[in-house]
Amino acid sequence: MSSASMKEFSKNAYPKTLLSIVASVGGLAMFLLLASTVLVSQPIGSTVRGYFYGVDSSNKIDSDSSLGHLVSEPSDIVGESNSTFSPGHENEVISQEGDTKSAESDGSDGKGTLFEKHRPPQSQDKNDVSDLGQVESENLNDKFPHSKETLEEDGNKSSFSDNAQTDLKDIVESSAATTNSSQANVADSDCDLYQGKWIYDSAGPLYTNNSCPVLTQMQNCQGNGRPDKDYENWRWKPSQCDLPRFDPKKFLELMRGKTLAFIGDSVARNQMESMLCILWQVEVPKNRGNKKMQRYYFRSTSTMIIRIWSSWLIHQTTEPFDFAPAGVTKLHLDAPDEGFMQYITDFDVIVLSSGHWFAKQSVYILNNEIVGGQLWWPDKSKKQKINNIEAFGVSVDTILTSMGTHPNYTGLTILRSFSPDHYEGGAWNTGGSCTGKVSPASELVENGFTNIMHEKQVNGFNSAVKKTNNKSRMKLMDITEAFSYRHDGHPGPYRSPDPNKITKRGPDGKPPPQDCLHWCMPGPVDTWNELVFDIIRREFDDRQRNSS
């Protein structure tokens, strides 16, 4: 290249090089300015919290958007009398089934037109049935708490098709939901987890009956021959926020070095086994249990899951007392069950379950005086002061107050509200049945006994909260109404693997013995643990914020 050419090249090259440098510096400045703006508006803390929640907790979902085994214990509570006393008729036994509204429809909207429902993808499981029926509404303005739209998983967030968004806007949420659209942007910590709808999730359950070695056979519905599986796939969707799918790895990390205890009756066992089944999918725990309690240790995070049996959660004895003879269970309504109270200071989170055992025979003692009894009252001329429903309310107040005033207890207490049963047409021993229910009810199944037990339980909870004076916290996990729709989630007649068991009504129309109280696994009970996960996450977040 000639000297003249080199000079010409230099004249053209340097200005271009200078121009590119200026452009690069300007671009970098704009990037830094934009990045600083993003960091101010979206603090990194929300991203960290999002790790445990599964979605960024600062993002809200608009309300109109789419969406070692068993320790020795008494026999299960299915085979107990579902009876109670009516005020003014203390010596009469009345049914617990209450007034049950029809949960089935004839497939029409009342005007001869069908309400079309989206069907889930065809399952490949040999136990599936080809026609599970459809839950339909008589009118689009009726209460309809669930939508069989397909939930598409994308990481830890969920997205829905445009059609699903349109359809869900026509669906009325849970009957007690009175919030309006202006409340949709309520802070995550204030979101009501218990008002919402059941939606179909094609992703399926968190585990299978074959992938969990600790579930009780009576709740192993698929292993016991139940022919349908749709009940495993419905997920609870709160109206104003998201309830993430349970992530067992994140839960174990959240509970690192901590202990979670399930205390109560066989429904507590049902929930504890559900938790173990979920966690078992990522780590096999070490069984460190004994006759007093089940204990499962997850080595990766030093997390302990515990269950302690306590039928009523209060002090009981069979010793003679006043005119009550030996052998009959006496319940001291004003004293907690010392069998588990001695351990509570070692627990970080406690989930309580009780209520159904108040249908069993027992004597009620309050202030060192016999004040009533259930299925026991020898002196018919003498009026009882307390029936079993009132006794349940007193017991809730007693146990929670004992925990809330314990000088050394600083944990989180979660009271799971009364779990509804679904014996229709009678009680467990008088022809009650839940056979043939294959999807959530399309309208609320009212049950007078469930309603009053829930009311007494909530009153007891509120009373105890006012008396709490230690550093512990109490939360009510209010699942009663949402699960009143889940008549499809019980074992029914599929309580054992016996191939000769009777699953159909006899020639006289009488149904076979069945369990319409406990929950199939996998099944609706797994939602309880998704709620427990979220309650714990929120509580730990609150404590961290308050301490900083």
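## A guided tour, beginning at Leu 412

Select Leu 412 and then Arg 473, the residue that stands opposite it in strand S18. The model on display is a predicted one. Now extend the selection to the whole of strand S17 (412–416) and the whole of strand S18 (473–477). These two strands, S17 and S18, pair in the parallel sense, and five bridges connect them.

**The overall view**

Before continuing, show the complete chain. It contains ten helices and 18 strands. Of its 548 residues, 51% count as buried. The chain exposes about 25,000 Å², and carbon and sulfur atoms supply 51% of that area.

**The seven-stranded sheet**

Return to S17 and S18 and add the other strands of their sheet. Seven strands make up this open sheet, in the order S9-S10-S11-S8-S14-S17-S18, and the pairing is mixed. At its edges are strand S9 (286–287) and strand S18, each of which pairs on one side only.

Towards the S9 end of the order, select strand S10 (residues 294–298) and strand S11 (residues 303–309); they run antiparallel and are joined by five bridges. Within this pair, Arg 295 has Ile 306 of S11 as its bridge partner. The loop between S10 and S11 holds Ser 302. The phi angle of Ser 302 is near 55°, a positive value in a residue other than glycine. Is Ser 302 buried, partly exposed or exposed? Its relative accessibility is 36%, so Ser 302 counts as partly exposed.

**Helix H8 and its buried residues**

Select helix H8 (residues 448–467) next. Together with S17 and S18, helix H8 makes a right-handed β-α-β unit.

Two residues of this helix merit individual selection. Thr 450 is found in helix H8. Its relative accessible area is 2%, so Thr 450 is buried. Leaving aside residues up to four places away in sequence, Thr 450 touches Phe 418, Pro 420 and Thr 480.

Met 453 also has its place in helix H8. Because its relative accessible area is 0%, Met 453 is buried. Which residues does Met 453 touch, not counting residues up to four places away in sequence? They are Gly 355, Ile 389, Phe 392 and Phe 418. Display the C-alpha atoms of Met 453 and Ile 389: they lie 6.1 Å apart in space, while the two residues are 64 residues apart in sequence.

**Helix H7 and the four-stranded sheet**

Now select helix H7 (residues 388–404), which lies across strand S14 (349–353), S17 and S18 and runs at about 170° to S17. Helix H7 also lies across S12, S13, strand S15 (362–366) and S16, running at about 35° to S13.

Select those last four strands together. They form an open sheet in the order S12-S13-S15-S16, with mixed pairing. The edge strands are strand S12 (314–317) and strand S16 (369–374), each pairing on one side only. On average, neighbouring strands of this sheet are turned by 35° against each other, direction ignored.

Strand S12 and strand S13 (residues 330–336) run antiparallel, with four bridges joining them. Select Gln 316 to find one of these positions: its bridge partner in S13 is Leu 331.

The loop between S15 and S16 contains Asn 367. Although Asn 367 is not a glycine, it has a positive phi of about 55°. With a relative accessibility of 64%, Asn 367 counts as exposed, because the cut-off for that class is over 50%.

**The nonpolar cores**

Show side chains and select Phe 251, Leu 260, Ile 414, Met 477 and Ile 536; these have the most contacts inside the largest nonpolar core, which has 53 residues. Among them, Phe 251 touches Phe 246, Leu 260, Met 275, Leu 279, Phe 533 and Ile 536, not counting residues up to four places away in sequence. A second, separate core has 43 residues, including Phe 392, Phe 449, Met 453 and Leu 476.

**The final stop: a cis peptide bond**

Finally, select Met 521 and Pro 522. The peptide bond from Met 521 to Pro 522 is cis, with omega near -5°. Pro 522 lies in the loop between helix H9 (480–484) and helix H10 (525–547).

Technical notes. Residues numbered from 1 in each chain as written. Predicted model: local features only at pLDDT ≥ 70, side-chain atom pairs only at ≥ 80, totals over all residues. Heavy atoms only, no water. Core = buried A, V, L, I, M, F, W, Y, C linked by side-chain atoms within 4.5 Å. Buried < 20%, exposed > 50% of the residue type's maximum accessible area, 1.4 Å probe, protein only. Contact = heavy atoms within 4.5 Å. Areas by Shrake-Rupley, 256 points an atom, 1.4 Å probe, with all protein chains shown as cover. Pairing = 2+ DSSP bridges. Axes fitted to C-alpha atoms, helices over the stretch in contact; angles between N-to-C directions. Right-handed = clockwise from strand over helix to strand, strands pointing away.
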